[in-house]
Amino acid sequence: MICNLIIRDLTTYSRKYEPDFRFNFNSNDDRLIGILDSDEASSSFILRAMAGLNAGSTGSISLKMDKTSVSLFEEKKYSGFIFSSGGLLSNLSVLENFLLPFNFHFPDVSENEKIEKIEAMLNLFDLSREVLYERPANLSYSVGKIIQICRIYVLEPSLIFYEQPFMHLDLKHQNKLFNLISEYKKKEILQIFTTNFYPALLREADRLLLFSKREYIEEGEWTSISKNPSEKTIEIVESFKENGNEN
Amino acid sequence: MFSDNSNKLHPLFDYPIFLFAVITDLFQPAKLRRLTYDILIKQILFTGYEALGIISLFAFSIGAIIIIQGNSNIPNFGQSTFFYTTLVTVVLKELGGIITALIVIARSGTAIATELGNMSINNEIEALESMGISPLAYLIIPRTLGVVISLITLSIYFSLMALVGSWLLSNFYFPIEFTQFLSDLFEVLKVSDLFLSISKSFIFGILIATISGYQGLQVAKATTEIPQRTIKAVVYSIGALIVFDILINILYYLL
């Protein structure tokens, strides 16, 4: 389902109840949008605020679909968030981790259908069904990250947030994930990410929003930003050129 | 989650607001009950069933000590109605609830605080929020219900075991049939005494689970915070226990 994300007057507050971040946003026709900040923690903060995960925020975050509009503060059925690390419930098996959001949002789907979808998604990343019976603590960081990604993908959300999507993944799975992101972009699923490496993703993005410690600087496509970086954006641009990971 | 600025009042109000949210959400919609049923059952098994051994030991010992001490200080203690009044007052109305609650704090309170603290560090709480599942509804409420049900049951069990312990020891001083023992006990026991015991366990259960859960959720990003919050959970739970025990007793005797 094609959707647009519209954020109005999103304000987060410091511990002293002073506003420390204000943001307005409209995804418009863009399907793959990047959030880049000179400070990695700040880019994660902005992404989580956009996903409605920052408690105490005010403003509105609306996901507009064909006939409906939902607030991301209240309804998460149509969106998914992939964390840079962790994110799986440690007291549940991998299968239970998959079934938790499935059962919550889609209780009428049959058990067989759910298992089939889960196995199909694991096959995309060359994981066997045996992993379903493991506990997250027994998984490597890479497999744990893949499980987290698969858990979101099986629900077929209209909006996906990626927080450092390639972190902990080996090169083979980074490339698989990148191909999936490109495929989802063609299917017009709205995807918003942060990353501090993998420049190919920046080139693939329709739009990048650049910040300096949560202060908005500019936005545009990677080719135009990287060709003529401003004084404030040069640090971000150079960090991607220097990491030696030009794919 | 609850340590940030979602509440713009003084931080002193954080826990009362949390407690209010838990109490108002105690009866969950069917959608969530399906997901949390397993958690509720596991909590009852851990808090209730697995504590039966230690509760039996404590209860039996307390019941026996009452007889031993009573007979040492008061002649014919076991043959007077004062004996039964002591059992009702000390065991049923006070120690049953408090000692059971202390054991639950030591076992379950620490476990809840530690588990939720670890979840907080590993982004598991935020993962639940990102899936649209309220951490309060999924993590805190089934645990609260489980602790409350277990504490009420354990408190009744404690009282029964203490009575059995008292009866067994009393046979060393003066033989008495168990049915006679119970009959004499029920002459002193009032329905309001049972109600007091159960209501104390109910309130203690809510306090222990919510204080431990709240402290666990306060853990930010450092693992060193987990033992600190666990200690706070234990200390604050014990403090709340004592304060509410006094308040409930005052209310009971005023009404």
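## A walk through chains A and B

In chain A, strand β4, residues 58-64, pairs with β5(A) in the antiparallel sense, and three bridges hold the pairing. Within this pairing, Lys64(A) has Ser69(A) of β5(A) standing opposite. The model you are looking at is a predicted one, and this pair of strands is a handy place to start reading it.

Let's widen the view to the sheet around these strands. It is an open sheet of four strands in chain A, ordered β2-β1-β4-β5, with antiparallel pairing. β2 (19-26) and β5 (69-71) of chain A have a single partner strand each, so they stand at the edges and one side of each is left without a neighbour in the sheet. From one strand to the next, the twist averages 20°. As background, strands of a sheet pair through backbone hydrogen bonds, in either a parallel or an antiparallel sense.

Moving along the sheet, β1(A) and β2(A) run antiparallel and are joined by six bridges. One place to look is Thr12(A), which stands opposite Phe21(A) in β2(A). The hairpin that these strands make has five residues between them, and there Tyr17(A) takes a positive phi near 65°. If you like to check backbone torsions, Tyr17(A) in this hairpin is one to select.

Which helix lies across this sheet? Helix α1 of chain A, residues 40-50, lies across β1 (4-13), β2 and β4 of chain A. Its direction runs at about 115° to that of β1(A).

The helix α1(A) also takes us to another sheet. Six strands of chain A form this open sheet, in the order β6-β7-β8-β3-β9-β10, and here the pairing is mixed. At its edges are β6 (79-82) and β10 of chain A, each of which pairs on one side only. The twist in this sheet averages 15° from one strand to the next. Packing on the sheet, α1(A) touches β3 (32-37), β6, β7 (159-163), β8 (190-194) and β9 of chain A, and its direction makes about 140° with that of β3(A). Helix α4 of chain A, residues 141-153, packs on the sheet as well: α4(A) touches β6 and β7 of chain A, and its direction makes about 175° with that of β6(A).

At the β10(A) end of the strand order, β9 (residues 207-212) and β10 (residues 215-220) of chain A run antiparallel, joined by five bridges. Leu210(A) has Glu218(A) in β10(A) as its bridge partner. These strands form a hairpin with two residues between them, and Lys213(A) in the turn has a positive phi of about 50°.

Now for some side chains. Over all chains, the structure holds 17 salt bridges. In one of them, Arg48(A) meets Glu163(A) at 2.8 Å, N to O. This pair links distant parts of the chain: Arg48(A) belongs to helix α1 of chain A and Glu163(A) to strand β7 of chain A, with the two 115 residues apart.

Which residue of chain B does Arg48(A) meet in a salt bridge? The partner is Glu126(B), with a distance of 2.8 Å from N to O. Arg48(A) is thus a good residue to follow from chain A across to chain B.

Before looking at the contact itself, consider chain B as a whole. It has nine helices and zero strands. Its C-alpha atoms fill a box of roughly 65 × 35 × 35 Å along the principal axes.

How do the two chains come together? The contact takes 27 residues from chain B and 27 residues from chain A. The size of an interface is often given as the accessible area lost when the parts come together. Here chain B and chain A bury about 2400 Å² between them, with 56% of it on carbon and sulfur atoms. Across this interface there is one salt bridge, along with six residue pairs in polar contact, where both residues have pLDDT 80 or more.

On the side of chain B that touches chain A, α2 (30-47), α4 (81-121), α5 (124-130) and α6 (135-173) of chain B each supply at least two residues. The most comes from α5(B), with six residues. By residue type, this side of chain B divides into 10 nonpolar, eight polar and nine charged residues.

Conventions. Residues are numbered from 1 along each chain as its sequence is written. Chains are lettered from A and ligands numbered from 1 in the order in which they are written. This is a predicted model: local features need pLDDT of at least 70, side-chain atom pairs count only at pLDDT 80 or more; totals for chains, interfaces and linings use all residues. Side-chain values use heavy atoms; hydrogens and water are left out. Contact means heavy atoms within 4.5 Å. Buried area is the accessible area (1.4 Å probe) that two parts lose on being put together, summed over both. A salt bridge is a side-chain nitrogen of Lys or Arg within 4 Å of a carboxyl oxygen of Asp or Glu. A polar contact is a pair of N or O atoms within 3.5 Å; within protein, one must be able to donate a hydrogen and the other to accept it, and residues adjacent in sequence count only if both atoms are side-chain atoms. Ala, Val, Leu, Ile, Met, Phe, Trp, Tyr, Cys and Pro count as nonpolar, Asp, Glu, Lys and Arg as charged, and the others, Gly among them, as polar. Two strands pair if DSSP finds at least two bridges between them. Axes are lines fitted to C-alpha atoms, for helices over the stretch in contact, and angles run from 0 to 180 degrees between N-to-C directions.
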